[in-house]
Each structure stands twice: as structure tokens, then as C-alpha cells.
Amino acid sequence: MEERYLTIALGKGRLAKHAMKLFTEIGMPCTEMEDPDTRKLIFVNEEKKVRFFLAKGPDVPTYVEYGAADIGIVGEDTILEEGRNIYEVLDLGFGKCRMCICGPKSSEDLLKHREMIRVATKYPKIARDYFYNVKHQTVEIIKLNGSIELAPIVGLSEVICDIVETGTTLKENGLEVLETVCPLSARVVVNQVSMKMENKRITEIIRDLREAVKE
Ligand code: PRP
């Protein structure tokens, strides 16, 4: 029987570049994807019978849950926010950052005294889980789609729940980390049916990736 193509979904951007380097290291390169001018979304490695595709980060767990992709590479933030039925099998150790509650120093006391505050975020589920289940603080969550740091500056919210990598965005906007929710990094996720049906090939890929990130 002819081998079926394994499909791997990559979150667009920095994560995808890093991931492709790793796949090259484990003998699954995809030269087509290296062309910076390409507008293609799907790339095939005929020899390995693998296809890679690029998707928006938050969509990667969706493709994997429905089996449109067997494997996905995505940030832990997205996995937590999307809450999909997928297996999370490996921490790749890159894309390291933290999910934090940030704001001006003056918001510190509002957090400490569990005041009813507004929290702006791209991650309403993570923010709700943190405030309601970890801190037991009632807050109003406001969903935004980007440039979250703006919210406390223009008076939309007292704090934000957002990713901090280098801390530069916060610093340049007079904000700081007030509390840390959790550490984050890039992860490998797998479709639950694929894990059974394609167990040998997928286990080998996970093993090779694990070895490659150890070095
Ligand atoms: C992310 C995040 C912060 C910034 C943190 O935004 O939301 O704004 O990076 O990085 P730093 O600590 O290194 O400054 P992203 O660039 O993904 O864009 P966004 O504002 O559209 O979310």
C-alpha cells in the first residue's frame, strides 16, 4: 500500500522558521518554504511523504483536532487558550516567554486587594482561568486582538494579560510585570487518531525532534 502523506501544521512567523530549521536537522527539509517571496501555503517533501502548511497560530490546534493536520507546532499560549482535544507531546524549548499580568505600578495594589478591575487580553480563557480559578478575583475581561499594551495607557483597562518575551514593549510604554501566570514555549501537538493510525512514523519524528532539541 502506498504510504500516505503526513501533514504538519506550523504557526506562521518566527515559530515556523525555527521549526523548519529543526525539521531540516532531522532530515525532513522543505526547500520550497525557504523562498522569502513565496505566497504558497503548502509545501511538500516528496521523498519523506510529508507536507507542511502554514496557518495562523490560533488555528493550528483546530487543524490538528479535526485531523486536517496530523502534527502541529504551536505556542503553549495558543494550546491553553484554544483548549482543543489534542495530544501535547513535546516541549521544543524555543519561543520561550511568559504569560503575565502587566500594567502601571499603580495597578499593583488593585491586584493585591482583589479589586474589581478590567483586564484587556488576546487570551480571555487564560485570563479567566487565572483570575477566577487561581486568584479567586472577580474581574471584567476585555478581548482585544493586538497591541494589548495600549489598553492601560489609554484607560481601557487597569491591567493586561499578555505575553512578555524581552520586556521591551512594556518598558517602552511605562508598564511592568505585576504577576506571572505561567512560562511558555513552542510545543509539538498530535491528532489523537493519527497517533494510533500512524504511530510508528509519528513516534519516530517525535523521537528525532527530542534528540535535536537536546543538543
Ligand atoms: C507580543 C506580545 C507583546 C510583545 C512582547 O506581541 O503581545 O506585545 O510581543 O514582546 P517583548 O517582551 O519582547 O517586547 P506581538 O509582537 O506578537 O504583536 P501583537 O501586539 O499584535 O500581539
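Helices and strands are taken here as DSSP runs numbered from the N terminus, with at least four residues for a helix and at least two for a strand. The model shown in these views is a predicted one.

**View 1. The shell of residues around the ligand in the predicted model.** Twelve positions are to be found here, namely Lys-122, Gly-146, Ser-147, Glu-149, Asp-162, Ile-163, Val-164, Glu-165, Thr-166, Gly-167, Thr-168 and Thr-169, which together make up the surroundings of the ligand. Strand E9, covering 159-164, and helix H7, covering 168-172, each contribute at least two residues to this shell, and the most comes from E9, which gives three residues. By residue class, the shell consists of two nonpolar, six polar and four charged residues.

**View 2. Oxygen atoms of the ligand and their protein partners.** In the side chain of Glu-149, an N or O atom is placed 2.6 Å from an oxygen atom of the ligand. For Asp-162, an N or O atom of the side chain is 2.7 Å from a ligand oxygen atom, whereas at Gly-167 it is a backbone N or O atom that lies 2.7 Å from an oxygen atom of the ligand. The ligand taken alone exposes 500 Å², and the protein buries 68% of that area.

**View 3. The largest pocket, in which the ligand sits.** The ligand is located in the largest pocket of the model, and the space within this pocket comes to about 1,000 Å³. The lining of the largest pocket is formed by 38 residues, among which Arg-14, Asp-77, Lys-122, Tyr-123 and Ile-163 are the closest to the centre. Two or more lining residues are given by each of helix H1 (14-25), strand E4 (71-75), helix H3 (76-82), E9 and H7, and H3 gives the most, with five residues. The lining of the largest pocket divides into 11 nonpolar, 14 polar and 13 charged residues.

**View 4. The second largest pocket and its lining.** About 480 Å³ of space lies in the second largest pocket, which has 18 lining residues, with Ala-16, Lys-17, Met-33, Asp-35 and Leu-54 lying nearest the centre. Helix H1 supplies the largest share of this lining, five residues. When the lining residues of the second largest pocket are sorted by class, eight are nonpolar, three are polar and seven are charged.

Note on methods. Residues numbered from 1 in each chain as written. Predicted model: local features only at pLDDT ≥ 70, side-chain atom pairs only at ≥ 80, totals over all residues. Heavy atoms only, no water. Near = heavy atom within 4 Å. Polar contact = N/O pair within 3.5 Å; in protein donor to acceptor, adjacent residues only side chain to side chain. Areas by Shrake-Rupley, 256 points an atom, 1.4 Å probe, with all protein chains shown as cover. 1 Å grid on protein atoms, 1.4 Å probe; cavity = no way out; pocket = protein on both sides within 12 Å on 5 of 7 lines; lining within 4 Å. Sits in = over half its atoms within 2 Å of the grid points. Nonpolar A, V, L, I, M, F, W, Y, C, P; charged D, E, K, R; others polar. Points joined across faces, edges and corners; volume = space filled by probe spheres on them.
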